[in-house]
Amino acid sequence: MSGVTLTPRPSLAGRLDAACDRQARVIAGIKGEAMGGSDSDYEFGSGEDELTRLEHQGRALAAATRMIFAAAGIRAGMRVLDLGCGAGDVAFVAADLVGPEGSVIGVDRSPQALARARLRAGQRGLTRVEFAAGDIHDPAPGGPFDAIVGRLILMYVPDPAAVLRRQATVLRAGGLVVPIELDIPMARALPATPLVSQALAWVVEAFARGGIQPALGTRLWAILGEAGLRPLGMLGIQPHYPPGDPGASTGGLPGVIYAAAPLIERTGVATAEEIGAETFALRLRAELQANQAVFAYPLLLSAWGTTDGA
Ligand SMILES: C[S@@+](CC[C@H](N)C(=O)[O-])C[C@H]1O[C@@H](n2cnc3c(N)ncnc32)[C@H](O)[C@@H]1O
């Protein structure tokens, strides 16, 4: 994992005007509750705020994720494994594609994330989606699988190829491996605006210093090969949010800045005062509106492959 110690989220109270802070949190789609969780060294933990952030992000990325899975060949009837399932959003996209004849099992080592994912699956009436506790470094139970997917998970592990190599042992011959990761440096405002450029530079630098790979998507083709898999195809999709679209706030940068602020500080990239996490969402919205700027989310990149010799 990142090799960086998780720091409890400091209280927001009293740091800035409370009303402003509340409004900023609403825009960012977060509640301001304690970050982190007792479960793992996943940099952003699995507190209420992080799970809510994942849900917002999941909504913003659902369409792109579905397009990538469909292009890679996820289809009706498949049994799919979702690595690092978080609050369940990727499993829900996969479940929609595999339909009632298929099934999905999501694996995560955070009990809080699994509880949230199970709750949401129940609310959706999804009886063919299960969630199981496990570390993605260990072959998942419940195989063999027709496809193994995972979104924004390999960027947090030191050896992504090793994870895919281990999980390939529970993939049926000729099955698919479809990881989706980011190219964060591709994110931007159109036209460029100072706060967006600054914040993205902080995130990229802090991730790199903290052992999180900000552009892992660009390496996925090579990683499949390193894992002993045969790459089949590659697709990148970059969601864009027009001026005024709440997705630019709730789905993206403010949530990331709020979650990553402790890492940005700890890695010496910027101070809490410079980041101003509590007012970031408000300032971002004002800047995008003033410039009538489109926000381009980081490029979502997938390279997919299959077992060698299939
Ligand atoms: C950024 S979230 C992504 C969640 C989900 N894939 C999505 O796109 O919404 C990363 C998730 O991976 C989980 N995770 C991180 N390292 C893990 C590991 N070694 N084994 C199992 N789960 C892990 C975390 O608990 C967290 O839920």
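Q: Two strands pair if DSSP finds at least two bridges between them; over how many bridges do strand 1 and strand 2 pair?
A: A quick note before we start: this is a predicted model. Strand 1 covers residues 79-83 and strand 2 covers residues 103-108. One link in the pairing joins Arg79 to its bridge partner in strand 2, Ser103. The two strands run in the parallel sense, and their pairing extends over 5 bridges.

Q: Is strand 2 enclosed by the rest of the structure or not, going by how many of its residues are buried?
A: Look at both sides of the strand: Ser103, Ile105 and Val107 point one way, Val104, Gly106 and Asp108 point the other way, and all are buried. That makes 6 of the 6 residues buried, so strand 2 is largely enclosed by the rest of the structure.

Q: Which residues of helix 3 are buried?
A: Helix 3 spans residues 89-98. Of its 10 residues, 9 are buried, so the helix is largely enclosed by the rest of the structure. The buried ones are Asp89, Val90, Ala91, Phe92, Val93, Ala94, Ala95, Leu97 and Val98.

Q: Against which elements do the buried residues of helix 3 pack?
A: Helix 3 has both helices and strands as packing partners. The helices are helix 2 and helix 4 (111-123). The strands are strand 1, strand 2, strand 3 (129-133) and strand 4 (145-151).

Q: Which residues surrounding the ligand are the closest?
A: The shell around the ligand holds 21 residues. Helix 2 (48-72) and helix 3 are the elements that give two or more residues to this shell. By character, the shell divides into 9 nonpolar, 7 polar and 5 charged residues. The closest to the ligand are Gly84, Gly86, Arg109, Ser110 and Arg151.

Q: Which helix gives the largest share of the largest nonpolar core?
A: This core has 98 residues, and those with the most contacts inside it are Ile74, Val80, Ala94, Val177 and Ile257. The largest share amounts to 9 residues, and it comes from residues 253-266, which form helix 9.

Q: With which residues is Val80 in contact, leaving aside its neighbours within four places in sequence?
A: Val80 is among the residues with the most contacts inside the largest nonpolar core, as are Ile74 and Ala94. Both of these appear in the contact list of Val80. The list in full is Ile74, Ala94, Val98, Gly102, Val104, Phe145, Asp146, Ala147 and Val149.

Q: Within what arc do the buried residues of helix 5 fall?
A: Helix 5 covers residues 160-167, and its buried residues are Pro160, Val163, Leu164 and Gln167. These residues line one face of the helix, because seen down its axis they fall within an arc of 95 degrees. Their cover includes strand 1, strand 4, strand 5 (171-183), helix 7 (220-226) and strand 7 (229-237). The arc asked for is 95 degrees.

Q: Where are the prolines that follow the cis peptide bonds of Gly143 and Leu190?
A: Most peptide bonds are trans, which makes these two worth a look. Gly143 and Pro144 are joined with omega at about 0 degrees, while omega from Leu190 to Pro191 is near 5 degrees. Pro144 lies in the loop between strand 3 and strand 4. Pro191 lies in the loop between strand 6 (188-190) and helix 6 (194-210).

Q: Leu152 and Gln292 each have a positive phi; which counts as buried and which as exposed?
A: Phi is near 50 degrees for Leu152, in the loop between strand 4 and helix 5, and about 45 degrees for Gln292, in the loop between helix 11 (277-290) and strand 9 (294-296). A residue is buried with 20 or more other C-beta atoms within 10 Å and exposed with 12 or fewer. Leu152 has 20 such neighbours and therefore counts as buried. With 11 of them, the residue that counts as exposed is Gln292.

Q: How far apart in space are Asp183 and Ala215, C-alpha to C-alpha?
A: Asp183 sits in strand 5 and counts as partly exposed, because it has 18 C-beta neighbours inside 10 Å. Not counting residues up to four places away in sequence, Asp183 touches Ala215, Gly217, Thr218, Pro298, Leu299 and Leu301. Asp183 and Ala215 are 32 residues apart in sequence, and their distance in space is 4.1 Å.

Q: What percentage of the residues in the chain is buried?
A: The chain's secondary structure comes to 11 helices and 10 strands. Among contacts with a separation of 6 or more, 79% are between residues 24 or more positions apart. Of the 310 residues in the chain, the buried ones make up 51%.

Key:
Residues are numbered from 1 along each chain as its sequence is written. This is a predicted model: local features need pLDDT of at least 70, side-chain atom pairs count only at pLDDT 80 or more; totals for chains, interfaces and linings use all residues. A residue is near a molecule or strand if its C-beta atom, placed from the backbone, lies within 6 Å of it. Helices (H or I, at least four residues) and strands (E, at least two) are DSSP runs, numbered from the N terminus. Ala, Val, Leu, Ile, Met, Phe, Trp, Tyr, Cys and Pro count as nonpolar, Asp, Glu, Lys and Arg as charged, and the others, Gly among them, as polar. A nonpolar core is a set of buried Ala, Val, Leu, Ile, Met, Phe, Trp, Tyr and Cys residues joined through C-beta atoms within 7 Å. Two residues are in contact if their C-beta atoms, placed from the backbone, lie within 7 Å. The arc is that of the directions from the helix axis to the C-beta atoms. Two strands pair if DSSP finds at least two bridges between them.
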